[in-house]
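Here is a walk through one protein model, with an eye on charged pairs and on a helix with two faces. Keep the structure open as you read.

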Amino acid sequence: MNQSNLEQNQAGQAQHSVHVPTTSASSSRGSIRAFERSDIPQVCRLFSETFRLGKSYQAGKLAACLEATYFDSPGYTEGTGSIVHLDRNGAVDGFMGVIAMTMVVGERTLRAGILSAYMAADPDNNPGIGVSLVRGVTARDFDLLFTDTANRTSLDIARATRFVILPAQSLEWVKIHRPAGTVAYFLGKRLPGLARWVVPIARSADSVLRRFLPSGSPRPDGIVSRPIAAADFAEAARPFLAHYDLKPDPAELGWFVDQAGLQTKYGPLQIREVVDRIGRRIGLYLLYARRDGVAYALQVLALPNREELVVGQMFADAAAHGAVAVRGATSPDLMKGLFRQKGLFYHHVMGTIAWTRDPEVAATLRSGNVFLGGLAGETWARIVTEDFS
């Protein structure tokens, strides 16, 4: 639930759910209703103004992305979709994106939604729009709402609207493979014209540094990784999801992997399985990586007590792709593998927050054994990273 893209931020089943009517008065200043396809042109303009896309963005490309992201997910229904805020003249002046996702707790399926892009026209003079949108979305047909891209504004709203902050999913880890290359990468982002000059110099500097620094990413003995098809990932993930008390419906994961594959800002999506010396699959990962870039680990799954091997193999693969560093979000089940890696540091970028009115789901969230973030989040979405130029 962010107001800037990812690089800029570097951001019991409910029995008595209340439907938001097609148009429902929220105050004398406007009203809230479900997001409709006919609203897309207005939301495109609002998106452009909010995220400062400028005159070069392609409205058709943005419109197609909005439609695919918010209307095409397998769990979408009108009651579990996005909402818009209308001003007194009926024009769209606010938007709360929601990506519908079916979640599972025990034997129950939940109507869940990933809170995505939040936008408000002239937010400094219209502070009530954000609160109205959050209240409007929590009144809809959801058993669970969550996001892994909550910025400070979103966290402030969360406290006022009874969202739960999940600290263990709200840190980012970073592993640096090539120090000079990492500096060159961020310098090149600020001053693109320098990239062609500083990158070769950084490669030479890192070659010298490697003579004096220990290797950061040895391949685990007997462990290998190999690519698998996006269509096979969801089925392969089932045994790795089994121990979570709250998790996505595996039947829907294929759509999210396909969508993740459309994002290329951080490099092509690597979909790989990790196997041990006897050929047993011990992990899966989704990693965006390109040469001289910072790789992004979207999802890492591992069998219990095999986390270190899977993470180590992913780091070695990222280095082989030429990535200068790797980053990703923390999660309780992955920490055992991360703690045993050398040279990692942690920092806060975006928060993970969740809301439910269901006591059983609330207790599950408090237990911490939940699958939130990664595919069950927003960082895979093009709406977060694309500039639509």
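This is a predicted model. Start with Arg-272, which forms a salt bridge with Asp-317; their closest N and O atoms are 3.8 Å apart. The pair links distant parts of the chain. Arg-272 sits in strand β11 (residues 269–275), while Asp-317 belongs to helix α10 (residues 307–320), 45 residues apart. Both Arg-272 and Asp-317 are buried.

Strand β11 spans residues 269–275. Now look at Glu-273. Its partner in a salt bridge is Arg-281, and here the closest N and O atoms are 2.7 Å apart. Is Glu-273 buried or exposed? Glu-273 has a relative accessible area of 7%, so it counts as buried. Arg-281 has 35% relative accessibility and therefore counts as partly exposed.

Helix α8 (residues 230–241) offers a local pair. Arg-238 and Glu-235 both lie in this helix, three residues apart, about one turn. In an α-helix there are 3.6 residues a turn, so residues three or four places apart point the same way. The side chains of Arg-238 and Glu-235 meet in a salt bridge at 3.1 Å, N to O. Glu-235 is exposed, because its relative accessible area is 53% and the cut-off is over 50%. Arg-238, at 38% relative accessibility, is partly exposed.

These pairs belong to a longer list: the structure holds 18 salt bridges. Some join into a network, which links Arg-178, Arg-203, Asp-206 and Asp-292.

Asp-206 leads to helix α7, where it is one of the buried residues. Helix α7 covers residues 195–212, 18 residues in all. From first C-alpha to last it reaches 26 Å, close to the 26 Å expected at 1.5 Å a residue. Which other residues of α7 are buried? They are Val-198, Val-199 and Ala-202. Seen down the axis of α7, the buried residues fall within an arc of 100°, so they line one face of the helix. They pack against α6 (179–190).

Turn α7 over. The face turned away from its buried side carries the exposed residues Arg-196, Trp-197, Ile-201 and Arg-211. Trp-197 also joins Leu-187, Leu-191 and Leu-194 in a nonpolar patch on the surface. Together these four have about 380 Å² of accessible area. Leu-194 lies in the loop between α6 and α7. At 35% relative accessibility, Leu-194 counts as partly exposed.

Key
Residues are numbered from 1 along each chain as its sequence is written. This is a predicted model: local features need pLDDT of at least 70, side-chain atom pairs count only at pLDDT 80 or more; totals for chains, interfaces and linings use all residues. Side-chain values use heavy atoms; hydrogens and water are left out. Helices (H or I, at least four residues) and strands (E, at least two) are DSSP runs, numbered from the N terminus. The expected span of a helix is 1.5 Å times one less than its number of residues. Buried means under 20% relative accessible area, exposed over 50%, partly exposed in between (1.4 Å probe, protein chains only). The arc is that of the directions from the helix axis to the C-beta atoms. Contact means heavy atoms within 4.5 Å. Patches are made of residues with over 30% relative accessible area and no salt bridge: like charges are joined within 9 Å, nonpolar side chains (Val, Leu, Ile, Met, Phe, Trp, Tyr) within 5 Å. Accessible areas come from the Shrake-Rupley method with a 1.4 Å probe; for residues, only the protein chains shown count as cover.
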